[in-house]
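Here are my notes on the model you sent over. I've gone through it piece by piece, so keep the structure open while you read.

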Amino acid sequence: MLSINNLSVAFKTRKGEVNAVRGISLNVAKGETLGIVGESGSGKSVTSYALMRILDAGGEIRTGDVTYSGIDLRAASEKDMRDIRGREISMIFQNPRAALNPIRRVGHQIEDVLIRHAQATRQDAKEKAIAALKAVKINDAAARYDAYPFELSGGMCQRIVIAIALACKPRLLIADEPTTGLDITTQKAVMDLVGDLAKARGMGMILITHDLGLASQYCDRIVVMKDGLIVEEDVPAQLFTNPQHAYTRKLVDATPRLGASLRTLLPPEARRPEPKLRVQSNPLLEVRDLVKTYPGKSGPVQAVKGISFDINAGQSLGLVGESGSGKSTTSEMIVRLQDPSSGNIIFDRQDIAATPSARFMRHPMRRDIQMVFQDATDSLNPRGTAAAAIAEPLARIDGMRGSKLSARVAELAELVGLPQPLLSRFPHQLSGGQKARVGIARAIALEPKLLILDEPTAALDVSIQAIVLNLLVDLRAQMGMSYLFVSHDLNVVRLLCDEVLVMKQGDIVDRGPTAQVMDTPSHPYTRALIEAAPQPPKSVAA
Amino acid sequence: MADMTAPETPRAPAHQGDTTLGHIAYVLRDNPVTLLAFAMLAFFLGCAVFGPALVPYDPLATHAARALEAPSWDHWFGTDNLGRDVFSRVIVATRLDLTISVAAVALSFALGSVLGSIAGYWGGWLDAVLNRCLDTIMAFPLFVLAMGVVAALGNTVENIIYATAIINIPFYARLVRAEVNIRRHAGFAQAAKLAGNSDLRVLAVHIFPNALPPMMVQVSLNLGWAILNAAGLSFIGLGVRPPTPEWGIMVAEGANFIVSGEWWLALFPGLWLMLAVFTFNLLGDGLRDIVDPRKRT
């Protein structure tokens, strides 16, 4: 149905031309689901933009043919393309909130596309829009028709985006990272929905993702892209059990999965023996009856409902939950960025909750509790260099200056594997993995006793994630830190944590040693989370 | 740890544009309009600094015999009704007009930044009170407010500066408030607190500088407005007094002679005023690109 032949795309930038896609060929048959898997910068999204002819300014298709049902998409006029987009080929974008117009009712946004492609008249548009909402299994579709995007959850918004994309019954759907930023159970629900709809309508689909596990579960065929080239193409089971290309093997290895250990995520040549970790039996942190209440429109909202737990010295505790479970609020209270409504945070036998967060920066224990933030880009000042970010805690809390400071910064960069020349760069000149390293170096600069890791690898590619996770376990062994690892990814928690807490709606619903909680989950919620996580086919690569 | 760095070794070594000067050169080369704006700014600054020393005539010296002469090789812009050289007066006036506008903009930039930062960072009742005060200023027709301030405080250059500054404060305060507000819970602000910075320091050192790029656009537009404002006040007789050369007064005085055909009296100061405003308006984009670290790719 769709065939791309020798497509190459180039972008003009300040430093000259960048070839984002360098001659790729692929086909999608009617009713087939093709997965395009690759890490950031591999050109997978650019490929889809090029075939829809919605490249950013400066981007240009250099060579190649794109043919859809006999139509040459490269030669088609802009007017023809407007008819094809949405009607024949539809697209689901990465961030559903950004893809919806925030000030229009979602029902109207579905009507827009129906009317544009003459699939509905003004009279029956509303009816058809509600039918489209029902098709994506939105409860109470008639009421949701009048909702604004901000009134809906992320998963709901993505359903609306899918409803818009599918409203005109296109024959090809391009889904560009459709579940990034969604909770794991929502991800499963959305992907199941898209898969079922594609099957029911005999629709072709291109699923663009960085998650090999997800692709293998929903695709008939997968192509692996790297640096604008297709390195391998196969059916999922083959790809996993017998990857031909070294890059595919590296990706398969780096995907956290059952039965893998931290070191096996790395390419074989980088594997070293796992470090010895020492967990002591005395508690470093004791959280007692911690409550956080926010004032809400309809009465106070309890984000955290009186939870208690301990972290022993040298221990790594996983805190798992979906968005809204209160795990971020809990970690912010422990790191003293927020004040609890009630309860105690006893750190090293001292109640640190007694000092308000606004004055905690002068507390002697400020240096002992540090945090690695979720979004490495957001956590670095865009106007400061990497060196300045790492130096900040040293200069402010230790009063370090001059050559001593720069020597310590260089030492920390070495420790986290950040090449020295990168220290003078600004955050936007660094890659995601490099920014994560800067964030980690800053957090360990003062040699804290407790490090809170708030989904430190959520925004990273799997191969970089593998490196960062290994770095974290090495640092823990070297410095004897305790970790509180906040995550929604159970496969990652399994690798890094000794014990795990599962939070739901502000309460701890499940807890225990990681292996026990994961392998024999006692609570139904834990079981639902584990089942929702995409599991790649068993591979022999490890 | 060395083996772990393998996948992300840095690519090319330092490239051109890494230094501040190199970056400025890049911005200028990239956009000819910016280059033109900076060239014109340099010209006006040159006039302001060296003008009084270089002009052919004393701008205040009258010469009754040569009054109201049309432009010639002796008097490029002609002479006025008292025989003073219009060219010399226009050039000498540059210093006064630029001083007024730069001082007024600097003052409103500083005050607006402080007020806006406080309102944007702490929010709550402080934000509400500050916003209502600024709304009150905005509710007046701004030029009339400036007239009122000068009329009440007295007819001096300082008071023109204060008046111009006051009417411009709300623009800066609102801009800074919005820019600070969206960043107050940003990761880097939180991280700065963990590094032992107080709220005030986080605000001043980490958050506020990020508001600079849009501020630069506002500054350059405002410099133009401020010149117009000062000239406007002088035009209606408030502010700079004759015989001090100032573009606004010169246009006002020259306007009387347009009817009788002596067009050069009003045209040349007006032209200079226009060029100055034009320069500052063109400058905005270039200034923003220079202070924005993200442009340094």
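1. Let's start in chain A, with strand 11 (residues 283-294) and strand 14 (residues 342-347). These two run antiparallel and are joined by five bridges. If you want a spot to click on, try A:V291, whose bridge partner in strand 14 is A:S342. Bear in mind throughout that this is a predicted model.

2. That pair belongs to an open sheet of four strands in chain A, ordered 12-11-14-15, with antiparallel pairing. Strand 12 (301-312) and strand 15 (350-351) sit at the edges, each pairing on one side only.

3. Chain A also has an open sheet of six strands, and here the pairing is mixed; read across, the order is 16-17-18-13-19-20. The edges are strand 16 (369-372) and strand 20, each with pairing on one side only. Neighbouring strands in this sheet are turned by 20° against each other on average, ignoring direction.

4. Take the strand 16 end of that sheet next. Strand 16 of chain A pairs with strand 17 (residues 450-454) in the parallel sense, over four bridges. A:V372 stands opposite A:L453 of strand 17.

5. Now for the other end. Strand 19 (residues 499-504) and strand 20 (residues 507-513) of chain A are antiparallel, with six bridges between them. One of the pairs to look at is A:L501 with its bridge partner A:R511 in strand 20. The two strands form a hairpin with two residues between them, and A:Q505 takes a positive phi near 45° there.

6. Over to chain B. How many residues does helix 11 have, and how far does it reach? Helix 11 (residues 264-291) has 28 residues and spans 40 Å from first C-alpha to last, close to the 40 Å expected at 1.5 Å a residue. Have a look along this helix too: there is a kink of about 35° centred on B:G284.

7. Last, the cavities. I get six of 30 Å³ or more, and the largest holds about 70 Å³ of space. Which residues line the largest cavity? They are B:D80, B:N81, B:R84, B:V86, B:R89, B:M250, B:E253, B:G254 and B:L265. By type, that lining divides into four charged, three nonpolar and two polar residues.

8. On where that lining comes from: helix 3 (86-122) and helix 10 (247-258) of chain B each supply at least two residues. Helix 10 of chain B has the largest share, with three residues.

Technical notes
Residues numbered from 1 in each chain as written. Chains lettered and ligands numbered in written order. Predicted model: local features only at pLDDT ≥ 70, side-chain atom pairs only at ≥ 80, totals over all residues. Heavy atoms only, no water. Expected span 1.5 Å × (residues − 1). Bend = angle between axes of the 7 residues up to and from the residue. 1 Å grid on protein atoms, 1.4 Å probe; cavity = no way out; pocket = protein on both sides within 12 Å on 5 of 7 lines; lining within 4 Å. Points joined across faces, edges and corners; volume = space filled by probe spheres on them. Nonpolar A, V, L, I, M, F, W, Y, C, P; charged D, E, K, R; others polar. Pairing = 2+ DSSP bridges. Axes fitted to C-alpha atoms, helices over the stretch in contact; angles between N-to-C directions.
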